[in-house]
Amino acid sequence: MTRQPFTNLAHAMVLCALLALPAISQAANERSGVFKNLEGEVSVIRAGKSLPAASGGGLMEGDRVVTGAKGAGSLILKDGTVLTVGPNSSVDLTHYIYDTTSQNGSVLVNLIQGTVRMVTGIMGKTNPELIKITTPTSVVGVRGTDFIVEATQ
Amino acid sequence: MNGFSRFLPTTLCWGALLLMLAGCATPPPPPPPPPKVSVVLLPQTDAAGNPIPTAVSITMGAQSQQLDKPFALAETDNKGQLGQRVSSAEEVQARYGDVLKMQPPSPEVVVLRFLPGKSQLTPESEQQLPDLIQRASARAGGEILVIGHTDRVGSRDANDALSLQRANAVVSLFKAKGFASDLLTAIGRGEREPAVPTDDEVTEPRNRRAEIIIR
């Protein structure tokens, strides 16, 4: 627990680094990703409201994905990143910017609890240093990669 | 394997396994606390099946680990120390089978061509649209991305606009055939990704194309 202040500082630094990027125009309410395979209980929490996830439905920046004990779901984000959320998980797409013409952008996924698999897409090649996954205790950075992160509270 | 891991949450599963390995001593020791965080790097291959070098780093306060070998796994121990070892395909399958099985199939890529100097598809390309819609619809949440490309005649900005205009023209055709607009995306890449590299201002019909990604 003594690590916590340091980790929060690390989170804040990651967030600042990502937000300090030159602004790339992004339409409001634009989808950052689309749900693909779903199983069991999977919901999206958007602006304080919980909605059941559906294949073909969208995920937006700021949304949280929550799965039940037998729930799991996969998403493809705009740049082709495949994000799979395992059972008993809670995951925020805290930040997602991607410009389809220049192929630049940045991603911050916050895994509050549970499991995510990320297979990076185009940004894994163009901006790998701007892709981060945080957990309550750690920060994961990538280089063109397929990996799984699990966090337990 | 999948079936088995479905019945129990994975952490419980591992706790149970460790307990069984501990034998018949009484009273059974309490299960070790689960790691605070685990990260495992999975191997990746290119389209030809050759391994791609990849890596992830994990930072926890002052501790950090670099994972750069297939199935390298970083995990905290019960004292909160972040260590690293090499896991295996079998262990990852047993522990994360319920995550792995949700992976959508790889995207399909098809190239369509335009009539010279127009945003109109060639008849051959237009004939392919119903089949592309069928293939996208067969996927859970299947999307169609249309990526327009130009040759290098004209300025970069003009080609960005032209490529997007061509992509939008193809997206309109998919919409007209009833494909959901939520699942259609038009992208203009201008002259950045030629199929055939040329000098600037060179006419090259093979570069005037739309790449269709079904995913």
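In this predicted model, the largest nonpolar core (buried Ala, Val, Leu, Ile, Met, Phe, Trp, Tyr and Cys residues joined through side-chain atoms within 4.5 Å; buried being under 20% relative accessible area with a 1.4 Å probe, protein chains only) comprises 37 residues, and A:Ile133, A:Phe147, A:Val149 and B:Val39 have the most contacts inside it. Strand β9 of chain A (residues 105–119) supplies the largest share of this core, five residues; strands are DSSP runs of E of at least two residues, and helices runs of H or I of at least four, numbered from the N terminus. A separate core of 21 residues includes B:Leu112, B:Val171, B:Phe174 and B:Ala210. Residues are numbered from 1 along each chain as its sequence is written. Local features need pLDDT of at least 70, and side-chain atom pairs count only at pLDDT 80 or more.

With contact defined as heavy atoms within 4.5 Å, 51 residues from chain A and 47 residues from chain B take part in the contact between the chains. About 4000 Å² is buried between them, 55% of it on carbon and sulfur atoms, as the accessible area (1.4 Å probe) lost on being put together, summed over both parts. Within chain A, A:Thr101, A:Ile148 and A:Glu150 lose the most area to chain B, together 16% of what that side buries.

Four salt bridges are counted between chain A and chain B, a salt bridge being a side-chain nitrogen of Lys or Arg within 4 Å of a carboxyl oxygen of Asp or Glu. A:Glu39 forms a salt bridge with B:Lys101, with the closest N and O atoms 3.3 Å apart.

Methods:
Chains lettered and ligands numbered in written order. Heavy atoms only, no water. Buried < 20%, exposed > 50% of the residue type's maximum accessible area, 1.4 Å probe, protein only. Buried area = accessible area lost by both parts, 1.4 Å probe.
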